[in-house]
Amino acid sequence: MRQQYVFTTLTLLILFSLSCSTTLAQAPALAPAPSGPTNVTKILEKAGQFTLFIRLLKSTQVANQLLGQLNNSNNGMTVFAPTDNAFSSLKSGILNSLTDEQKVQLVQFHIVPTYLTSSQFQTISNPLRTQAGDSGDGKFPLNVTTSGNSVNITTGLTNTSVSGTIYTDGQLAVYQIDQVLQPLQIFAPRPPAPAPAPAKSKNKKATTVADSPDVTPADNSKAATLQNVGLFGVAALVIALSL
């Protein structure tokens with residue numbers, strides 16, 4: 001009886017072991033970690049639907065700048081990547097009308113030189129400073145607000161929201177947005193301040209003297225002659241009346 005019990009137990013253990021081996025063999029293997037330096041354009045190419053943004057990243061050389069910054073320092077980066085549909089909603093020909101400098105600024109406006117998780121959007125201070133530079137009013141301000149799980153982005157011209165997380169690794173975060181972020185400095189520049197008005201003269205008397213015609217010595221001599229003639233005439237009239 002005891003031998004039968006031992007035999008049955010061993011049989012069950014063997015069957016259980018075979019079952020576990022079969023289950024483990026059928027489980028999918030984990031994907032290997034990406035090799036090589038972090039490359040934003042490759043991440044976007046793998047995600048798809050970011051062809052136009054990738055083209056801008058490469059043509060402006062911002063892609064190379066990001067590659068160097070991410071792999072030669074510990075600085076974090078956050079990229080807001082607009083989809084191809086986002087670019088199609090822009091006014092026709094507007095990208096071609098931009099200068100090379102403006103195209104660089106447009107791409108840099110989508111990059112925050114800090115790694116931001118989705119939860120950090122709730123506590124950040126506005127306006128965010130992007131790689132485009134000055135975040136002052138009328139320049140390159142970028143404001144991020146949250147409402148529940150929604151992350152909203154405004155530029156003064158564009159209102160959009162984060163529609164998905166494309167990539168995150170603790171140093172780089174790439175988020176999908178459905179509109180191109182349009183900075184005020186490029187798409188609605190303010191006119192230059194008018195030149196100051198000329199200062200008004202406070203001394204009217206000095207102005208009057210300055211504006212009066214110059215008196216020449218000849219004019220003074222003529223005036224003296226007329227005065228003398230007048231005096232002789234009066235004297236002659238007095239003598240005539242006394243006779």
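Which residue forms a salt bridge with K58, and how far apart are the closest N and O atoms? The partner is E45, and the closest N and O atoms of the two residues are 3.3 Å apart. Please keep in mind that this is a predicted model.

**The salt bridge**

The pair brings together distant parts of the chain: K58 belongs to helix α3 (residues 51-59) and E45 to helix α2 (residues 40-47), with their positions 13 residues apart. The count for this model comes to 1 salt bridge. As background, side chains of opposite charge can pair when their charged atoms come close. How buried or exposed are the two partners, K58 and E45? K58 is partly exposed, with a relative accessible area of 44%, and E45 is partly exposed with a value of 44%.

**The sheet**

Let us turn to the strands. An open sheet is built from 6 strands in the order β2-β1-β6-β5-β4-β3, with mixed pairing. Its edges are β2 and β3 (143-147), each of which pairs on one side only. Helix α4 packs on this sheet, where it touches β1, β2 and β6, and its direction makes about 150 degrees with that of β1. Helix α2, which carries E45, lies across β1, β5 (159-168) and β6 and runs at about 100 degrees to β5.

Strand β1 (residues 77-82) has neighbours on both sides, summarised here.

| Partner of β1 | Sense | Bridges | A residue pair |
|---|---|---|---|
| β6 (residues 172-177) | parallel | 6 bridges | M77 with L172 |
| β2 (residues 111-112) | antiparallel | 2 bridges | V79 with I111 |

Across from β1 in β2, T78 stands opposite V112.

**Strand β1 under cover**

Which way do the residues of β1 point? M77, V79 and A81 point one way, while T78, F80 and P82 point the other way. This fits the general pattern that in a regular strand the side chains alternate between the two faces of the sheet. Both sets are buried, and β1 is mostly covered, with 6 of its 6 residues buried.

**One face of α4**

Which residues of helix α4 (residues 62-71) are buried? They are V62, A63, L66 and L70. Viewed down the axis of α4, these buried residues fall within an arc of 100 degrees, so they line one face of the helix. In general, an α-helix has 3.6 residues a turn, so residues three or four places apart point the same way. The buried residues of α4 pack against α2, α3, β1, α6 (100-108), β2 and β6. Among these partners are α2 and α3, the helices joined by the K58 and E45 pair.

Definitions and conventions:
Residues numbered from 1 in each chain as written. Predicted model: local features only at pLDDT ≥ 70, side-chain atom pairs only at ≥ 80, totals over all residues. Heavy atoms only, no water. Salt bridge = Lys/Arg side-chain N within 4 Å of Asp/Glu carboxyl O. Helix = DSSP H or I, 4+ residues; strand = E, 2+ residues; numbered from the N terminus. Buried < 20%, exposed > 50% of the residue type's maximum accessible area, 1.4 Å probe, protein only. Pairing = 2+ DSSP bridges. Arc of directions from axis to C-beta. Contact = heavy atoms within 4.5 Å. Axes fitted to C-alpha atoms, helices over the stretch in contact; angles between N-to-C directions.
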